[in-house]
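Thanks for sharing this one. Here are a few notes to read with the structure open beside you.

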Amino acid sequence: MTLQELIAEYGKDYLLGYFMTLQLTVFSFCGAFVLGVFITILRVSPIKPLRKSADFYVQIFRNIPGAALLILLVYALPYLNIVLSYYLCVMIAVTLIPSSFLSEHLISGINTIDRGQIEAARALGFTFIQIIGKIVIPQALRASVLPMTNLLIATMLTTALASQVPMDPRELTGLVAHINTYSVGGIKAFVISAAFYCITAILIGFIGNKVDKKVRIAK
């Protein structure tokens, strides 16, 4: 099958696969962002059991392979009478893993904050939540733009886990597997999919660099 024949026959499917990849990326990263911020707050809280629980969460999901987590969600949960759609299983897997890395990036950002600011806030009578919400998290986010840009790209690539389950419509990697199962797309099918990934990653990196230059904290 030539490249022109491949595009003519599967062009629409590639667009659907690309939009599915983007959808999984956006939803999963937004979930990972919210969850990662929450976990980070727990990790710096004055309550030791919360700190330990949050650290344990990060250690688990930072080190578990994505495919193993997806298998647990798809095949193990039904034994507990919990049956989720393939789409939801993929989205949960692609949310939990990045959330642990996002928390690590935020912790690194928090470590760049001058401790004097926190001590001054305490002297002014700020509560823990006020210090976190008004001083710590905003500055940590500004210091973590580039790592989070890379994490967003990694999240997009992690959506390839969806190729392991029969989703419809398929995302880009799953579509390539489908094409090479029922047609003879060969390496060209992978090249088209890779082009979508590369162009999107370059665009995300460009935007991330622009945002970083705008919000970076001057030393």
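1. In which helix do Tyr57 and Phe61 lie, and how many residues apart are they? This is a predicted model, and in it both residues belong to helix α2, which runs over residues 48–63. Four residues separate Tyr57 from Phe61, about one turn of the helix. As a reminder, an α-helix has 3.6 residues a turn, so residues three or four places apart point the same way.

2. The whole structure yields four aromatic pairs in a search. In the pair of Tyr57 and Phe61, the ring centres are 4.8 Å apart and the planes make an angle of 50°, so this pair counts as tilted. The angle cut-offs behind that word are under 30 degrees for stacked and over 60 for edge-to-face. Tyr57 and Phe61 are both buried.

3. Elsewhere, do look at the cluster of Tyr14, Tyr18, Phe19 and Phe196, which ring pairs link together.

4. Back to α2 and its length: the helix has 16 residues, and the distance from its first C-alpha to its last is 23 Å, close to the 22 Å expected at 1.5 Å a residue.

5. Which side of α2 is buried? Ala54, Tyr57, Val58 and Phe61 are the buried residues to look at. Around the axis they cover an arc of only 95°, which means that they sit on the same side of α2. The cover over the buried residues of α2 includes α1 (3–43), α3 (66–76) and α4 (86–110).

6. Now turn the helix around. On the other side of α2, the exposed residues are Lys48, Pro49, Lys52, Phe56 and Asn63. Phe56 is thus an aromatic residue on the exposed side, whereas Tyr57 and Phe61 are buried.

Conventions: Residues numbered from 1 in each chain as written. Predicted model: local features only at pLDDT ≥ 70, side-chain atom pairs only at ≥ 80, totals over all residues. Heavy atoms only, no water. Phe/Tyr/Trp six-rings, centres within 6.5 Å; stacked < 30°, edge-to-face > 60°. Helix = DSSP H or I, 4+ residues; strand = E, 2+ residues; numbered from the N terminus. Buried < 20%, exposed > 50% of the residue type's maximum accessible area, 1.4 Å probe, protein only. Expected span 1.5 Å × (residues − 1). Arc of directions from axis to C-beta. Contact = heavy atoms within 4.5 Å.
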